[in-house]
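The following exercises concern one protein structure. Each task is followed by a solution in steps.

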Amino acid sequence: MRKAIIIYTTFPNMESAKDIVKSLLEKNLIGCANLREHKAMYVWKGQIEEEDEVGAILKTTNDRWEMVKEFINKMHPYETPAILKIDVGDANKGFLDWIFDVVK
């Protein structure tokens, strides 16, 4: 049974986020994405870092998880990108009908 999922990842800037998201959309691997600029604070190689970043919420289906994850890993500019799968327990029928129609 197909299920909807959300994938959360981040990018160093809007340009790289848009490039990867556009490719995922063109390949019908995701139905849509929400991109938001924010400040990120994290530990990297023992140091606290603070950078501007773009968070991406990608809406897709569980059967495309591996393909999306592999594509992001291959194309991502970060050495170690966060690519997080969030299972959608339930959603409105209209959204589910749409996502199952769009994601091939």
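A residue is called buried when its relative accessible area is under 20%, and exposed when that area is over 50%. The model examined here is predicted.

**Exercise 1.** Determine whether Thr9 is buried or exposed, and describe its surroundings.

*Solution.*
Step 1. Locate the residue: Thr9 belongs to strand β1, which covers residues 4-11.
Step 2. Apply the cut-off: the relative accessible area of Thr9 is 0%, so Thr9 is buried.
Step 3. List the surroundings: apart from neighbours within four places in sequence, Thr9 is in contact with residues including Val54, Leu58, Ile72 and His76.
Step 4. Examine the side chain: a polar atom of the Thr9 side chain lies 2.6 Å from the backbone oxygen of Ala82.

**Exercise 2.** Establish where the buried residues of helix α1 lie around its axis.

*Solution.*
Step 1. Describe the helix: α1 comprises residues 14-26, and its 13 residues reach 18 Å from the first C-alpha to the last.
Step 2. Identify the buried residues: in α1 they are Ser16, Ala17, Ile20, Val21 and Leu24.
Step 3. Look down the axis: these buried residues fall within an arc of 120°, so they line one face of α1.
Step 4. Turn to the other side of α1, where Glu15, Lys18, Lys22 and Glu26 are exposed.
Step 5. Name the cover: the buried residues of α1 are covered by elements including β1, β2, β3 and α2.

**Exercise 3.** Which residue caps the N-terminal end of α1?

*Solution.*
Step 1. The cap is Asn13, with a side-chain oxygen 3.3 Å from the backbone nitrogen of Glu15.
Step 2. For the residue just after α1, note that Asn28 takes a positive phi of about 55°.

Conventions:
Residues are numbered from 1 along each chain as its sequence is written. This is a predicted model: local features need pLDDT of at least 70, side-chain atom pairs count only at pLDDT 80 or more; totals for chains, interfaces and linings use all residues. Side-chain values use heavy atoms; hydrogens and water are left out. Helices (H or I, at least four residues) and strands (E, at least two) are DSSP runs, numbered from the N terminus. Buried means under 20% relative accessible area, exposed over 50%, partly exposed in between (1.4 Å probe, protein chains only). A polar contact is a pair of N or O atoms within 3.5 Å; within protein, one must be able to donate a hydrogen and the other to accept it, and residues adjacent in sequence count only if both atoms are side-chain atoms. Contact means heavy atoms within 4.5 Å. The expected span of a helix is 1.5 Å times one less than its number of residues. The arc is that of the directions from the helix axis to the C-beta atoms.
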